[in-house]
Every structure is written in structure tokens, then in C-alpha cells.
Amino acid sequence: MVERKVHDLRLELTSEKKDPRHQRKKVAMKKVVANMTMGNDMSALYHEVIACMHIPDLEVKKMVYLFLINYARARAEIANHAVNGFEDDLNDANPLTRAMAIRTMGYIYVERVIESLIDPLRHCLRDRDPYVRKTAAMAVLKLYMFDRSLVEEEKFLDMLKDLLADSNPSVVANAVAALTEVSERSPHIKLKLNMKIAGKLITALNECNEWGQIYILESLMYVTPQTSEDAETVIERILPRLQHGNSGVVLVSVKVIAYMMNYVGRTETLEPILRKLSPPLVTLLTSGPEVQYITLRNIQLLLQRWPTILQNQQRAFFCKYDDPIYVKLAKLEVILSLTTEENARVVLAELVEYATEIDVDFVRKAVRSIGRIAIKIELAADRSVRALMDLIQTKVNYVVQEAIVVIRDIFRKYPNRYESIIGTLCENLDTLDEAEARAAMIWIIGQYADRIDNSDEVLGRFLET
């Protein structure tokens, strides 16, 4: 069946019928690409397909290049036959053709193609058209992944650094992306940017698309401010990005600002910056669940470094009924970090509500969170214990067991303070079937054996199971 298709397509590609607009060739190439997509092996047509490289039609060239990318890496003879066609396209007057040729050659890791790529790549990095230059920047990265020593010997990395001063922001963004990737992959090449280059990169932000802005902002993590004023300058210029409509741009901006804040020497300067970080982070919580989760994970890290960054914003993190479980669990962590003596009453009331929901994992986490608040804030301990005892009275098995585990931790934190509840705990011995809950109850009985009349009998019941 496939052989028949190959035969029919070969006839269409080699047809000598008049085709001034190359419509027949275009239709035939579309059929070839469609068969490739369905998994049919079309590599036998490489002679006929490569012959189409001379057709001055961008749509046909795109399909020819797609064919070459698909088959040339596995069959070197296909790539070798295409080299002359690549060289012609690299000298084409159309910058889109030159860019497509350099991009495709960067995908084909065949020795002869790589050898033919070096000089054209050098010329494309200095091409008069910015689209060709930005494409060549990414081709350097692809070549680096194939042969690191070759890129270093040919000084391509130095040429990439020169592109950081390019007049076109898209070229700058691609050069930055390539250099950043090289720096992350190389054990001995480390990207270091000074404040002069950082200033130029920030200037280019306004004219870049979202991806370009993310690349440039990420590169600012390689800037080491020499003074507190340098860090403040970068922060001041990055702050407007917090209002951007793209969540990726906002999160990377927060990352850069947080990094630069480590170099700000004056505390009075940090406070207004922290206040400006809070609204965009809260706004991101109205996005989709995936963005919310990433935002929440970043907020947890920020709170470890700057606990006051989201002061009085705990209500923004209260869970909604339709939140996915992974978002709810992440919100609980943030809520705990934001809980203080002032808001503990409100937070505990919210957690008790969560403990009555139907999602078992979420309920367990809520019950544990009540116990953690008791341990974290002494003034909230009494209220937390009362909440846990009310939950135990519900007789819901997994709630009771989780409550006993956290009560053990509360006993350790506040010894001889809540012995009065031991009797209620002992009433639930028969319901304990989880190892952690049983271990917690055994510890409580052993610790307060002198307060329990028949402690030896109670412990004996655990030996029987």
C-alpha cells in the first residue's frame, strides 16, 4: 500500500506538465507531508523532494525542509544531496528563505551539513535582516548542543554576545535565550552581564513580545549589582512588568525583583517594594488552576524570605469549592504561613469548614493545619484544641485519626496542659486502624499513664491487634 502511494507521488513530483504557479508540485508535497504525519515512510522520495528546493515558493520550501528534518538525521545520504540546495537558499534575496535554510541546517546533525553550516552561520549572524539574525542566534544554540567545542573554536559565542547590543529587540531576546541556555548547559561557560548591558536589555523589553520579555528578564538573573543603587535601578525599571497581562512575564518579573532585593541595603527601600509585589501575586490567583499553583509555590518561597510580603491578605488564599485538590493543598500551606495572633480566629474557623468537606486528602490536611496553628501560636492553642475535639465528636474515622495525631504533637508542645481531653481520646480506641494514629495514641497513653486508671489494659488492647 505504501509502495503504491510512493509510486503515485513520484509520478506527481516528476510530472512535466506545465505548472507555471507550481500548484501541482505544492499539492504533491502536501500529500507527502500528510503521509509522513500518518507514519508512512516517504524517505524513498528524497531525490524528487530535494529537486523541489529550487522552486521559488515559500510554502513548497517549508514542506521540503520539513521532509529533510524528518528523514535527513537518520539517513545521511539525504542530507548530503540537499547541501547544494541549502547553499543556494542561503544566498537567496528573500530573508525568509535564508532564515528557513539556516534554521533547517541547524536541525540536521550530519557531518557534511554541519561543515557547510559554519561559514553561512557566521554571515547570517551579521545579516542585514533582523529576522535572519535572530534565527541564526538560535541556530548557534542548536549547533552547541551537537558540538560544543566547534562553537567555542569558531567564536560563535562571542558573536552572540555582540548581538546583545543589536538594534532589534527580537534579535536581542534570541541572543539572550541562546546564551542563557549555553550557560546552563556548560560546566565552564558562565554568563555574566554588567549593568551597562542590563540597561540595554531592559530598554529592549518594551518592544519585545511575551516570550522575548521572558528571555530577557531571565537573563537579568546573571547580573550582579555592584551597589545598592544599581539593584534599586533595575527593580524600578522592572516594576511596570508586574502589570503585564501575561502571567509568565509577571512571575519572572517577581523572580528578578526578589533576586535584586538581596542587593538592596536599606530596609526603608524594601518595604515599598514588598507592598508593590503583593497585588500582582494576588491577581494571579484569579487565573487558571495551573497558574494559581505555580504562583502559590512561588509565594511559599517568598514568604520564607520576606514573611510580611502578603500581610493581611490571608483571605485571598481561602479555598473555593471548585479549586482542584493540588491548588487547595498549596493554599493551605500559604494560609498557615500567613496566620498570626491577630487573624488566627478567622483562619481556624475557615479550617474547621474545610475539615467537613468530602475530599479525604484535603480534610486530613485541614485537620493537621489546625494542629500546626496550635503549635505555632500559643494564644490560639486553646481554640485549636476545642476545634479538634469538636471534629472528633463527628466520629468520622479519618478525621478522628488525623486529630489524634496532631493532638499528640500539641501534648509535646504544651505538656500537662490538656490532660482533660485524654478520656475523650480513649473512647475512640476501637476506631483506630492507621499505624500513625495508633502510634500517637500509644504515646499519649504511655506519657500520661499515671492519669489513666486502666492504662495497662488499654495498652494491652493494642498488643492484641
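Guide: Let's start with a word we'll need: buried means under 20% relative accessible area. Keep in mind that this is a predicted model.

Visitor: Okay, so is Q213 buried or exposed?

Guide: Q213 has 4% relative accessibility, so Q213 counts as buried.

Visitor: And where is Q213 found?

Guide: Look at helix α13, which covers residues 210-219; Q213 is found there.

Visitor: What does the side chain of Q213 reach?

Guide: One partner is the backbone oxygen of C208, at 3.1 Å. There's also a polar contact of 3.0 Å between the side chains of Q213 and R241. If you skip the neighbours within four places in sequence, Q213 is in contact with L205, C208, R241, H244 and V249.

Visitor: Now for pockets. How does anyone spot them?

Guide: The general idea is to roll a probe the size of a water molecule over the atoms, which shows where empty space is left. Here, the largest pocket has a volume of about 230 Å³. It has 14 lining residues, and the closest to its centre are P307, Q311, S337, L338 and T340.

Visitor: How many nonpolar, polar and charged residues are in that lining?

Guide: The largest pocket's lining has 4 nonpolar, 8 polar and 2 charged residues.

Visitor: What volume does the second largest pocket have?

Guide: About 170 Å³. Its lining includes R103, Y131 and N174. Two elements, α6 (95-107) and α8 (130-146), each give two or more residues to that lining.

Visitor: Which element gives the most to it?

Guide: That's α8, with 7 residues. By class, the lining of the second largest pocket has 5 nonpolar, 2 polar and 3 charged residues.

Key. Residues are numbered from 1 along each chain as its sequence is written. This is a predicted model: local features need pLDDT of at least 70, side-chain atom pairs count only at pLDDT 80 or more; totals for chains, interfaces and linings use all residues. Side-chain values use heavy atoms; hydrogens and water are left out. Helices (H or I, at least four residues) and strands (E, at least two) are DSSP runs, numbered from the N terminus. Buried means under 20% relative accessible area, exposed over 50%, partly exposed in between (1.4 Å probe, protein chains only). A polar contact is a pair of N or O atoms within 3.5 Å; within protein, one must be able to donate a hydrogen and the other to accept it, and residues adjacent in sequence count only if both atoms are side-chain atoms. Contact means heavy atoms within 4.5 Å. On a 1 Å grid over the protein atoms alone, a cavity is a set of points where a 1.4 Å probe fits but cannot get out, and a pocket is an open set with protein on both sides within 12 Å along at least five of seven lines; lining residues have an atom within 4 Å of a point. Grid points are joined across faces, edges and corners, and a volume is the space filled by probe spheres set on the points. Ala, Val, Leu, Ile, Met, Phe, Trp, Tyr, Cys and Pro count as nonpolar, Asp, Glu, Lys and Arg as charged, and the others, Gly among them, as polar.
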